[in-house]
Amino acid sequence: MQVKDLKRTYKISKTDELNALKGLTFDLPESGMVFILGKSGSGKSTLLNILGGLDKATSGEIIYKGKDINCYTQSQLNKYRNVECGFIFQEYNVIPELNVFENVAIAAQLQGEKEVTARVEEVLKKVDLEGYGNRKISQLSGGQKQRVAIARALIKQSGIILADEPTGALDSVTGESIFGLLKEISKEKLVIVVSHDRDFAERFADRIIELADGKIVSDSDSAKNEAEESGAMIARTARLPAKAVFKIGTADFRRTPVKLFFTVLICVIAFTLFIISLALSSSDKISITADTIKNGGVNEVKYFKCNESSEYVDFEGGDVEFLENYFGSETIKLFSQDISVKELGGGESEFLYYAGGLQAVAAIDEGALKDFGFSVEGSLPKSKNEIAITRYTAEVLQYVAGYSVVNGAKLTLNDEVYTVSGVIDTRFNNKRYQSLKTVPADDYLMLGQEFKYYLELSVHTAAYFYETFENGCECVLLPQSAVKTHDMRDIYSLRKGGGQFIFNCHLSWQISEVADMASGLRTPFIVLSAILGVLATGLLVYYIAQSVADKTRTIGILEALGCSGGEILKIFLIEGLLIGIAVFALSLAAGFAACGIINGVCASKLGLAITAVSLGALNSCILFCVTILLSMLSGALAILRIHRMNPIQRISSVN
């Protein structure tokens, strides 16, 4: 190493400067133990920091292996500190988040070594710390911390060891032992020691350079032999161990739990409102219908046909086959029929629940029975004079006519007598409508209106016959299982030729009302989530910025070990990522709970058997991306706070 006319000037103010080094020139050999002596303020620590790439000279050259390190890029400086230099600092500068073993091991791991256990134990033994590997740094004395720092420098496979008062915190016996160890190492490496202890220097030094007021006042190597050069610097990429990244990144979680709690709480509130806003934004009539069907609020769906003038028309030849092929399911064709309960042989009921009658006729076979998930007590009609009725119709007849419909019973329809072959369980949701058994027929509450529409052209109020009816039906029913596997926006309005098939269900009018309500809530939720989102982002950036400030010295130490900015950034990215995952999980859970409450209110208070608002996979993915990206971006933005500082400034900072 050759030092030529090295100068370092610090700006104290706009007009005042401090000349710490004033044109130093000397050569250093490849090995040997060189002491740099001088009083405080003489420039010896500044010189050591510049030789180690922790600080940059104002002018001059430091030629090492044929290149001026003062002209190195940041990446080259990182590799130089990683590969060529081992540091022993006066203030220990061990990493508080790691234990003794990890503090020593990290220096070797950054040089690419995989298995370092044996070497760490060996070097700890050399500095009299055998058995201390699992100790926390906070459990060590000052002298023990210094030995950890020395062990960290010794384990590196580097050509230079730079020691700034390496025995300042040690007793004389231990200090002599450490210098003896450094002396042994200096047979193969260059060891540069900054010290004010002339006694140790005279006993162990191969050469003594003394500084005063930024100048060399004496140099025991009067011959000043020219330094030898041996090869180029090895290109190693310093990678922080994942365990170290995690431990350093999560240190503030343990140190500042209250601050973390309130940061996460505000973020969760903001992002919960955000995902509810997303859910409301996607809650239109089609999406609410889709969610209601998928969540079991509708067991079967209706298709009507319209012409080009949007007028309802009967199904024609090929229409039903088109729907069955499209959905891959059997259908039930309903033909309108209006036979009141009175006509069935019973009296008129004053209550809504028993006012259904027979409102349709249809043919049904075993295939449709299976696809719709229906079951039958008895059998399906097998001849023209047989009929099957639904469990609901049987319940109505039991109430208004006073007799039980069983297999073999006779039923008169349109002056024709039919034998009841079976009773079909159409999975009628009668539990929801139990209250209507005491509600007068002329008192149409919301639930009553829903019930009335539910029974119109319905499988629950149809009479089922043996013969297959011809085309010309008013309505075609499809089972929920067939419809819910399709994209609702594709099937909401199917077309065939000049006709259009209109999707409908018994909750359609209520769904429209809820969609309008969701639209009204959308704007205030978006505004509130945006306001809280800005606050949450600020808190998150502030939290991680404080974490960066707390770890400023740790960052400087890692840089002194050769860590690049990208590797150090991982620490704060993992911190932001973990916070983001926690915020995402809690916000998603809170969002589901909030949607459950909204849907519960609709179900219990408003009498709506629909899924009013649903998060959905897409909204969950958007929330995940936003929370994770924002959290990690906060980590990246926070570290910009100290990007202008050099390593020695970071190391010297007070956390």
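Guide: Welcome! A pocket here is an open set of grid points with protein on both sides within 12 Å along at least five of seven lines, and its lining residues have an atom within 4 Å of a point. The model we are looking at is predicted.

Visitor: Which residues lie nearest the centre of the largest pocket, and what makes a residue part of its lining?

Guide: V94, P96, E97, I137 and S138 lie nearest the centre, out of 22 residues that line the largest pocket. Each of the 22 counts as lining because it has an atom within 4 Å of a pocket point. The space inside is about 490 Å³. Helices α9 (251–255) and α19 (552–560) each supply at least two lining residues.

Visitor: How is that lining divided by class?

Guide: Ten residues are charged, seven nonpolar and five polar.

Visitor: What makes the space lined by E300 and K302 a cavity?

Guide: A cavity is a set of points where a 1.4 Å probe fits but cannot get out. The largest such space holds about 60 Å³, and its lining includes E300, K302, Y454, C505 and H506. Five of its lining residues are nonpolar, two polar and two charged.

Visitor: How many cavities of 30 Å³ or more are there?

Guide: Two. The second largest has a volume of about 40 Å³, and I50, D55, K56 and N70 are among its lining residues.

Visitor: Why are C621 and C625 not called a disulfide?

Guide: A disulfide needs two cysteine sulfur atoms within 2.5 Å. The sulfur of C621 is 6.6 Å from its closest cysteine sulfur, in C625, so the two are too far apart for a bond. The structure as a whole holds zero disulfides.

Visitor: Are those cysteines buried, exposed or partly exposed, and how do you know that?

Guide: Buried means under 20% relative accessible area and exposed means over 50%. C621 has 46%, so C621 is partly exposed. C625, at 40%, falls between the cut-offs too and therefore counts as partly exposed.

Visitor: Why are β4 and β5 called paired strands?

Guide: Pairing requires at least two bridges. β4 (residues 59–64) and β5 have two, in the antiparallel sense, so they qualify. Y64 has K67 of β5 as its bridge partner.

Visitor: What makes β2 and β5 edge strands?

Guide: They belong to an open sheet of four strands in the order β2-β1-β4-β5, with antiparallel pairing. β2 (17–27) and β5 (67–68) each pair on one side only, and that puts them at the edges.

Conventions: Residues are numbered from 1 along each chain as its sequence is written. This is a predicted model: local features need pLDDT of at least 70, side-chain atom pairs count only at pLDDT 80 or more; totals for chains, interfaces and linings use all residues. Side-chain values use heavy atoms; hydrogens and water are left out. On a 1 Å grid over the protein atoms alone, a cavity is a set of points where a 1.4 Å probe fits but cannot get out, and a pocket is an open set with protein on both sides within 12 Å along at least five of seven lines; lining residues have an atom within 4 Å of a point. Grid points are joined across faces, edges and corners, and a volume is the space filled by probe spheres set on the points. Ala, Val, Leu, Ile, Met, Phe, Trp, Tyr, Cys and Pro count as nonpolar, Asp, Glu, Lys and Arg as charged, and the others, Gly among them, as polar. Buried means under 20% relative accessible area, exposed over 50%, partly exposed in between (1.4 Å probe, protein chains only).
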